[in-house]
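Biologist: I should like to go through this model with you, beginning with its overall make-up and then its interior. Please give the cut-offs as each term arises.

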Amino acid sequence: MRLFKIFSVIVVLLVGAYALSMYYFVEENKNFQIEKEIDYPVDKVFHQFNNLQNFTRWNNFFTSSPSIDIDYYTPYEGNGSAISYIDPKNDTDGEMFIRYENNNQTLRYQLFEDKNENPTLVDVKFKAISPEKTKITWYVHTPKLPVLRRVENFWTEDRFADNIDKSMVNLKNVLGNKVEKDNQLAAIKYDSLMVEKDEEIVLLGINVSASNKKDALYKNIVMNYNKVYNYVSMDLGKRDDEFGFPVLITDADNYKDKEVSYFMGIPLSKKIGITDNNFSFRSVSPTQNYVMYYKGSYAGRVRAIQQLIQKAKKDQMRFGDIRQVFIERPMEDQDVNMKLSLSVYK
């Protein structure tokens, strides 16, 4: 019993010493700032921060856990937008709000973590250093912690900085894909025949045979595009900025046939494991192509294809498959916007 009393006194003294040291030598909250630069225009960067659906797709806090579940609340973007999240695997939950917005300049986030009624406040300022470069500054104000928990303030800034470092890598990848698509759209010259070289691509898609009567082929293309898109986006969890434009591969001159066989696929960065036997990967080797951009009815593409074939024959080039790259997703009863690429070789 005496030993127990002595032990209890020692514990009380240690706890007291710890509490006093936390009270006098450790701040009850943390204030710090972190600066980063990114090689993209301020308007494109800002949109990734003020739209919380975009924000959670690259911010490491949300992307690092496969078990996190997020709910989004209107207006989804800008002042007043909000999310709530729960991560059962890591036993954490919280809510996040945008409380202030000054377009392309400032945002204020309010984050409630777990059962803490006091929020973390994060002001993010954006400054255009040049037309193609933006400086981002985070001003972080953490909530007050009780004395016995103040030790957490020793690693709060490091944890926040590490999350930003990883998030910036993700953000660069997201913006890189978006800018590449925007640049492709801006560079389009319709009905002009060009020569291009394509690098190797990996497509995940589906092999199809369909009737070539009237609008039957295009309706079949739309249906199978939706199948592939839904599988990639929903079953595989890929986001639009993680893959390229849909590609249809078929024989160059089969537009004359009663039945057309084609492969409809979506470009991915690499092959991954899939469990649905309806889908398969197809690797396309680097090729030289005669290219033409076309916009109009799907049936009207035939004239552009004929021009590409005629050019190949005139240049005494052999030709293989033709790729129909849908710059805008194919939809029933709407014109198509596509890039036609005929692979050619000696």
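The exchange below treats the fold, the cores, the cavity and two single residues.

Modeller: This is a predicted model, in which local features need pLDDT of at least 70 and side-chain atom pairs count only at pLDDT 80 or more, while totals for chains, interfaces and linings use all residues. Residues are numbered from 1 along each chain as its sequence is written, and side-chain values use heavy atoms, with hydrogens and water left out.

Biologist: How many helices and strands are there in the protein chain?

Modeller: Helices (H or I, at least four residues) and strands (E, at least two) are DSSP runs, numbered from the N terminus. By that rule the protein chain has seven helices and 15 strands.

Biologist: What percentage of the residues of the protein chain count as buried?

Modeller: Buried means under 20% relative accessible area, exposed over 50%, and partly exposed in between (1.4 Å probe, protein chains only). Of the 346 residues of the protein chain, the buried portion is 42%.

Biologist: Which element supplies the largest share of the largest nonpolar core?

Modeller: A nonpolar core is a set of buried Ala, Val, Leu, Ile, Met, Phe, Trp, Tyr and Cys residues joined through side-chain atoms within 4.5 Å. The largest has 41 residues, and Ile221, Tyr262 and Met264 are among those with the most contacts inside it. Elements that each supply at least two of its residues include strand 9 (201-211), strand 11 (259-268) and helix 7 (301-314). The largest share, nine residues, comes from helix 6.

Biologist: How many residues has the other core that lies apart from it?

Modeller: In soluble globular proteins, nonpolar side chains tend to be buried together. Here, another core includes Val45, Leu52, Trp58 and Tyr85, and its residue count is 32.

Biologist: What is the volume of the largest cavity?

Modeller: On a 1 Å grid over the protein atoms alone, a cavity is a set of points where a 1.4 Å probe fits but cannot get out, and lining residues have an atom within 4 Å of a point. Grid points are joined across faces, edges and corners, and a volume is the space filled by probe spheres set on the points. The count comes to one cavity of 30 Å³ or more. The largest cavity has a volume of about 60 Å³.

Biologist: Which strand supplies the largest share of the lining of the largest cavity?

Modeller: The lining has 15 residues, and Thr250, Asn254, Tyr298, Arg301 and Gln324 are the closest to the centre of the cavity. Helix 6, strand 11, helix 7 and strand 14 are among the elements that each supply at least two lining residues. The largest share, three residues, comes from strand 10.

Biologist: What is the bridge partner of Asp251 in strand 14?

Modeller: Two strands pair if DSSP finds at least two bridges between them. Strand 10 and strand 14 run antiparallel and are joined by five bridges. In strand 14, the partner of Asp251 is Asp321.

Biologist: Why does Phe62 count as buried?

Modeller: Phe62 lies in helix 4 (residues 60-63). With contact meaning heavy atoms within 4.5 Å, Phe62 touches Phe55, Thr56, Ile68, Ile70, Ile83, Tyr85 and Met96, not counting residues up to four places away in sequence. Phe62 counts as buried because its relative accessibility is 5%.

Biologist: Is Thr137 buried or exposed?

Modeller: Thr137 lies in strand 7 (residues 133-141). The residues that Thr137 touches include Gln33, Ile34 and Asp123, not counting residues up to four places away in sequence. With a relative accessible area of 5%, Thr137 is buried.

Terms used:
1 Å grid on protein atoms, 1.4 Å probe; cavity = no way out; pocket = protein on both sides within 12 Å on 5 of 7 lines; lining within 4 Å.
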